[in-house]
Structures are given as C-alpha cells and as structure tokens.
Amino acid sequence: RLLGGNSAGPETLLSQGTVIMREWKGVRHEVEIAGSGFIYRGERWKSLSEVARVITGTRWNGPRFFGLREAAA
C-alpha cells in the first residue's frame, strides 16, 4: 500500500502473476508482473517503461502507457 511520500509506482501494488493489457495500433499486448520485473513475449524486463518503448518505439512512462497512472493535468 502506498503511503504519503512513497515514490513507488502503481505497478508495485500489483500482485506477482497479474497480467496487464494494452491495445496499441490494433494489437493487444499482455505483460505479466513478475517478482522483480515484467514478462513480455517471453522476455524479462526491468520496467514497464522499457516494455512500452519496445511496443511503441518511443519513450513512454510505462505505468501511464498501461493505464496504471493518470496523465498529468
């Protein structure tokens, strides 16, 4: 659980084994939350931002890309 002042991202609140999905340009992408990272297409990644970059070809805030964080107002 996040408490005030904690800079942990929302993805840290998800249980290991949880699968998050995002459709990008008509393709559905699934990422599994792993113990110390994320699994996408059979490969382990350190962050959701890395996965989002692989999917889109550009830099993204990973939690925002996967809908785990609202866009800044």
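Biologist: I'd like to learn how to read a strand pair. Which residue stands opposite glutamate 32 in E3?

Modeller: Keep in mind that this is a predicted model. To read a pair, pick a residue on one strand and look across to the other. Here, glutamate 32 faces isoleucine 39 in E3. Try valine 31 as well: tyrosine 40 in E3 is the residue opposite.

Biologist: How many bridges hold that pairing, and in which sense do E2 and E3 run, parallel or antiparallel?

Modeller: There are 4 bridges between E2 and E3, and the pairing is antiparallel. The two strands also form a hairpin, with 2 residues between them.

Biologist: What about E1 and E2, how many bridges do they have?

Modeller: E1, covering residues 19-24, pairs with E2 over 6 bridges, again in the antiparallel sense. You can follow some partners yourself: glutamate 23 is matched with arginine 28 in E2, and arginine 22 with histidine 29 in E2.

Biologist: How many residues sit between E1 and E2, and what is the phi of lysine 25?

Modeller: E1 and E2 make a hairpin with 2 residues between them. Lysine 25 is in that turn, and its phi is positive, about 50 degrees.

Biologist: Let's zoom out. What pattern does the chain follow along its sequence?

Modeller: Just walk along the chain and write down each element as you meet it. You get β-β-β-β-α-α, from 4 strands and 2 helices.

Biologist: In what order do the strands sit in the sheet?

Modeller: For that, step across the sheet from strand to strand. The order is E1-E2-E3-E4, in an open sheet with antiparallel pairing.

Biologist: Why do E1 and E4 each have one side without a neighbour in the sheet?

Modeller: E1 and E4 (43-45) are at the edges and each has a single partner strand, so one side of each has no neighbour in the sheet. The sheet isn't flat-on either: ignoring direction, neighbouring strands are turned against each other by 30 degrees on average.

Biologist: Which strands does H1 touch?

Modeller: H1 packs on the sheet and touches E1, E2, E3 and E4. Its direction makes about 25 degrees with that of E3.

Biologist: Now for the inside. Which residues make up the largest nonpolar core?

Modeller: When you read a core, list its members and then see which elements they come from. This one has 11 residues, including Ile20, Val31, Tyr40, Ala52 and Phe66. Strand E2 (27-34), strand E3 (37-40) and helix H1 (48-56) each give two or more residues to the core. H1 gives the most, with 4 residues.

Biologist: Is there one residue I could use as a guide? Is alanine 52 buried or exposed?

Modeller: Compare its relative accessible area with the cut-off: under 20% counts as buried. Alanine 52 has 0%, so it is buried. You'll find alanine 52 in helix H1.

Biologist: Which residues is alanine 52 in contact with, leaving aside those within four places in sequence?

Modeller: Gly57, Thr58, Trp60, Gly62, Phe65 and Phe66. Looking from the other end, phenylalanine 65 touches Ala52, and also Arg22, Trp24, Ile55, Thr56 and Trp60, not counting residues up to four places away. For a distance, take the C-alpha atoms of alanine 52 and proline 63: they are 8.9 Å apart, with 11 residues' separation along the chain.

Biologist: How many residues does the chain have, and what share count as buried?

Modeller: The chain has 73 residues, and 27% of them count as buried. On the outside, the chain exposes about 5100 Å², with 47% supplied by carbon and sulfur atoms.

Conventions
Residues numbered from 1 in each chain as written. Predicted model: local features only at pLDDT ≥ 70, side-chain atom pairs only at ≥ 80, totals over all residues. Heavy atoms only, no water. Core = buried A, V, L, I, M, F, W, Y, C linked by side-chain atoms within 4.5 Å. Buried < 20%, exposed > 50% of the residue type's maximum accessible area, 1.4 Å probe, protein only. Contact = heavy atoms within 4.5 Å. Pairing = 2+ DSSP bridges. Areas by Shrake-Rupley, 256 points an atom, 1.4 Å probe, with all protein chains shown as cover. Axes fitted to C-alpha atoms, helices over the stretch in contact; angles between N-to-C directions.
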